[in-house]
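Let's take a friendly walk through this model, starting at a pocket and then stepping back to the whole chain. Have your viewer ready.

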Amino acid sequence: MTTPEQPPRRPAPPRPVPPRPEFAVTPLRTTPTDSTPKAVTVSLTAWIGSFVVLAGIAGAVTLDLRAVRDALEASVAAENPADSAQDITDTVNFTLIASGAIAVVLILLALLGIQLLRARKMAGLVTLVVIGLLSAAGGVGFWTLLSDAGDATAGVLQWAPLAYSALVAVGVLALFAPGVSAWLHRRR
């Protein structure tokens, strides 16, 4: 309080502001980005590569179809000497047609899985894993079926089905890399 005899008290000059300490905040987790993980790109590239190898196998068989048929017929005849020539021819025809049809179905289902994966659906990952397991097993099975005809296609049938299976395996395994599942769960 001021009285008439006392002049009002002057406010004290402000104190200088102390310097602020330097600090930095580091997040516990990295901030999620919306970019496609490298593992997804690796997976899609491996799948496309497997399609190219499969097309190469189909081309090699088509170009040397007579030689492939002859080698397969000789192999089946050696394993089953009591079968008639017509039965052996039918078995070889069925093997080639069924292998081609299964390959087409697996490619179409893999393309569906790729589209679902690119749309960031978990169903794409599941589809590619299931189709990948079936495709890798089919590639090894095709290799064992046509191993006797490997010389007929300049050796393509000796290594290409295994390369196909390896590419499919890379395509599937890449989907289990860290970050892929989180990327799928984040919606655009």
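Keep in mind that this is a predicted model. A good place to begin is the character of the lining of the largest pocket: by class, 16 of its residues are nonpolar, eight are polar and one is charged. In total, 25 residues line this pocket, and its volume is about 490 Å³. If you want to centre your view, pick Leu96, Ser99, Gly100, Ala103 and Phe142, which lie nearest the centre of the largest pocket.

Which elements give two or more residues to the lining of the largest pocket? They are α1 (38–63), α2 (65–79), α3 (85–118), α4 (122–145) and α5 (156–173). Of these, α3 gives the most to the lining, with ten residues.

Now zoom out to the fold. The chain has six helices and zero strands, so to speak a plain α-α-α-α-α-α pattern when read along the sequence. Contacts across the sequence are worth a look too: among those between residues at least 6 apart, 74% join residues at least 24 apart.

The overall dimensions come next. Along its principal axes, the C-alpha trace spans about 135 × 25 × 25 Å. The radius of gyration of the chain is 33 Å, whereas a compact globule of 188 residues would have one near 16 Å.

Finally, consider the surface. Buried residues account for 32% of the 188 in the chain. The accessible surface comes to about 12500 Å², and 67% of that area belongs to carbon and sulfur atoms.

Key. Residues are numbered from 1 along each chain as its sequence is written. This is a predicted model: local features need pLDDT of at least 70, side-chain atom pairs count only at pLDDT 80 or more; totals for chains, interfaces and linings use all residues. Side-chain values use heavy atoms; hydrogens and water are left out. On a 1 Å grid over the protein atoms alone, a cavity is a set of points where a 1.4 Å probe fits but cannot get out, and a pocket is an open set with protein on both sides within 12 Å along at least five of seven lines; lining residues have an atom within 4 Å of a point. Grid points are joined across faces, edges and corners, and a volume is the space filled by probe spheres set on the points. Helices (H or I, at least four residues) and strands (E, at least two) are DSSP runs, numbered from the N terminus. Ala, Val, Leu, Ile, Met, Phe, Trp, Tyr, Cys and Pro count as nonpolar, Asp, Glu, Lys and Arg as charged, and the others, Gly among them, as polar. The radius of gyration is taken over C-alpha atoms; the globule rule is 2.2 Å times the number of residues to the power 0.38. Buried means under 20% relative accessible area, exposed over 50%, partly exposed in between (1.4 Å probe, protein chains only). Contact means heavy atoms within 4.5 Å. Accessible areas come from the Shrake-Rupley method with a 1.4 Å probe; for residues, only the protein chains shown count as cover.
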